[in-house]
Amino acid sequence: MTAGFTRRAFLSKTVVAIAVTVLSSRFLTYTEDARAAGDTHVIDIKAFKFVPDTLKVRVGDTITWTNHDIVPHTATADDKSWDTGTLKRNERASLTVTAGMAPRYYCRFHPQMRAQIEIVGGD
Ligand SMILES: [Cu+2]
């Protein structure tokens, strides 16, 4: 009898755990899908930093860098495959995310300024 009770308790806990797992994975899937490709992301360059310095993007999204500092900056891929060019104060430049785009970048004038994008999703 004790064994039977224990087993029922185990089963119900298992059912609850599975239900929670299914619900949370559905929720995550929904929120991922809710964000369509083609979004615009804004990266601020201020106080010699890219903000944010890590950004999740999808192929087809647009990234816009705006320089708020007095001195000029760039956002330049580590492998030089893309480059915003020199951005003076309050200037901005945009790039469209392409598949296989080099994720890490820096400022040509201040190589200690570093940041990266992370390309997520398949479409
Ligand atoms: Cu710079």
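Mentor: Two strands pair if DSSP finds at least two bridges between them. This is a predicted model, in which local features need pLDDT of at least 70, side-chain atom pairs count only at pLDDT 80 or more, and totals for chains, interfaces and linings use all residues. Residues are numbered from 1 along each chain as its sequence is written.

Trainee: How many strands does the protein have?

Mentor: Helices (H or I, at least four residues) and strands (E, at least two) are DSSP runs, numbered from the N terminus. The pattern along the sequence is α-β-β-β-β-β-β-β-β. Beside 1 helix, the number of strands is 8.

Trainee: What is the order of the open sheet that contains β4?

Mentor: This sheet is built from 4 strands, and its pairing is mixed. Within it, β4 and β6 are joined by 5 bridges in the antiparallel sense. The order is β2-β1-β4-β6.

Trainee: Which strands of that sheet stand at the edges, and why is one side of each left without a neighbour?

Mentor: An edge strand here has a single partner strand, so one side of it has no neighbour in the sheet. The strands in question are β2 (49-51) and β6 (92-96).

Trainee: What does the twist from one strand to the next average there?

Mentor: The axes are lines fitted to C-alpha atoms, for helices over the stretch in contact, and angles run from 0 to 180 degrees between N-to-C directions. In the sheet β2-β1-β4-β6, the average twist is 20°.

Trainee: In β6, what is the bridge partner of I63?

Mentor: Two residues are in contact if their C-beta atoms, placed from the backbone, lie within 7 Å. Leaving out residues up to four places away in sequence, I63 touches H41, I43, V57, S94, L95, V97 and I117. Among these contacts of I63, the bridge partner in β6 is L95.

Trainee: Is D44 buried, partly exposed or exposed?

Mentor: A residue is buried if 20 or more other C-beta atoms lie within 10 Å of its own, exposed if 12 or fewer, and partly exposed in between; C-beta atoms are placed from the backbone. D44 lies in strand β1 (residues 40-46), and its C-alpha atom is 6.3 Å from that of N67, 23 residues apart along the chain. With 16 other C-beta atoms within 10 Å, D44 is partly exposed.

Trainee: Which elements give two or more residues to the largest nonpolar core?

Mentor: A nonpolar core is a set of buried Ala, Val, Leu, Ile, Met, Phe, Trp, Tyr and Cys residues joined through C-beta atoms within 7 Å. The largest one has 12 residues, including V57, I63, W65 and I117. The elements giving two or more residues to this core are β4 (62-67) and β8 (114-119).

Trainee: What is the order of the open sheet that contains β8?

Mentor: In this sheet of 4 strands, the pairing is mixed. β3 and β8 are parallel over 4 bridges, β7 and β8 antiparallel over 3, and β5 and β7 antiparallel over 2. The edge strands, each pairing on one side only, are β3 (54-57) and β5 (76-77). The order is β3-β8-β7-β5.

Trainee: Which residue of β8 is the bridge partner of T54?

Mentor: R104 has Q116 as its bridge partner in β8. For T54, the bridge partner in β8 is Q116.
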